[in-house]
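Trainee: I am new to this structure and would be grateful for a close look at a single part of it. Could the aromatic rings please be taken as the subject?

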Amino acid sequence: MSKKISIGTVIGLMAITAAVTFVVTNNAALNIFNEKVRSVSEKEEFYNKLSETDSFARTYYVNNIDESNMLDDIIRGYINGLDDPYAVYYTADEYANMSPEYTGYRIGLGFAWEKDVSGYVRVTDVTAGSSAEEYGIKPGDIIMAVNNTNIISYPGGYSEAVKLFTSQEGTKVKLHIKRISEDGTASFLNADLISSRNDIISVTGRIKGNIGYIHITEFNATTPEQFSDVLGQLKEKGAEKYIFDVRDNGGGTIDSLTAVLEELLPPCEAARAFYKTTDEPLVVTVDEDYLSAPMTVLINNGTKGEAELFAYILRDEKSAVTVGKTSYGKGVLQETYKCSDGSAVKFSVASMQTKSRFNFTGIGIKPDYDVAQDAQIDPFKLSTTEQELYDLQLIKAYEVIENL
């Protein structure tokens, strides 16, 4: 049975609806306005405090103020204030001398280094095909002088001296090197090296029985092509099961990771990246032919970012078994922005989530099989035979994959 509603009632309901709509809309607008006012107020307070401090310093500070250093330190302090462990400020000189990240190559003399306890430079690794390798530079060599100037007394200090190791392509650099032999005797040599482009080999592989082993050091621009080549070679050799080793893999780019996953997964939405400035998440999708085979993934505390995603996605989508130690816990992406004066800032811009909506920032990925490694052993400095004898995590991965 239908009920009649008077015109007065209808008009009353319309008025109430309009009033409610006005209140809701007005409140939303008011909230936005208040947020804007708060933002403007906070900015005004920030700049006023900076101006006040600057006024005190210029009026009473006893020494001269280096304007350039002052500005750099102000921006550096701002970036540090973001409380982002991955945020960095690069001066114009630092940014100009940086090699682009994850391009698949590095510009430099062709070796990795660290500061030795003596204050000099210790070579830790040498790039194949580089000027350093051609000259016979070896891991363990101690670089004592650059361009005839002692490292310790180098103008600007250690950090200025090592900048020459990644100088522009074609730059000639002279090194004075100390080498300690196995019997403890020291020898000295001079090396005239030339900075050049050195391609990074980020993917290597081998086969044992029907098990393919693939080591990925980072996800850079050339990693997908290298991965495809190595995977194809192992397939041709009869690989039916796979171990993917991303231990000490510091990450890379989402594009590279996605291209590698396209070799391994069926169509799926593997992960999402949520940005502050957009409601549209970055969707990592895969839709190419894929590898249908049992898999294990080796991880450790040095497994970061995109490498962690790689391990977690394979566990989600392919039931891959993880072996090793809990990963680092870096589930955020960074972008670098160049300033008008040539300097640059880098900070986190997105939070990554797996298909199961898990963000591993600060947590890491706990492996299915927790296997400690001998602290004295660096598995990537061992020969293949030595790895299979002493690399406890790899030994466990072989044991697991054989039973899958």
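Mentor: What follows is an account of the aromatic rings, with one group of them considered in detail. The model is a predicted one. Across the whole structure, a search finds 11 aromatic pairs. One of them joins F227 and F244, whose ring centres are 6.0 Å apart and whose planes stand at 35° to each other, a tilted arrangement. This pair links distant parts of the chain, since F227 belongs to helix α6 (residues 223-236) and F244 to strand β12 (residues 241-245), with the two positions 17 residues apart in numbering.

As to the surroundings of these rings, F227 has a relative accessible area of 0% and is therefore buried. F244 likewise has a value of 0% and is buried. F244 also pairs with Y242: the ring centres lie 6.1 Å apart and the planes meet at 5°, so this pair is stacked. The angle falls under the limit of 30 degrees that defines stacking. Y242 is buried as well, its relative accessible area being 1%.

These contacts belong to a wider group. F227, Y242 and F244 form one aromatic cluster together with F219 and F310.

Aromatic rings also meet charged side chains in this model. R197 is placed over the face of Y105, at 3.9 Å from the ring centre. K330 lies over the face of Y86, at 4.9 Å from the centre of that ring.

Technical notes: Residues numbered from 1 in each chain as written. Predicted model: local features only at pLDDT ≥ 70, side-chain atom pairs only at ≥ 80, totals over all residues. Heavy atoms only, no water. Phe/Tyr/Trp six-rings, centres within 6.5 Å; stacked < 30°, edge-to-face > 60°. Helix = DSSP H or I, 4+ residues; strand = E, 2+ residues; numbered from the N terminus. Buried < 20%, exposed > 50% of the residue type's maximum accessible area, 1.4 Å probe, protein only. Lys NZ or Arg CZ within 6 Å of the ring centre and 35° of its normal.
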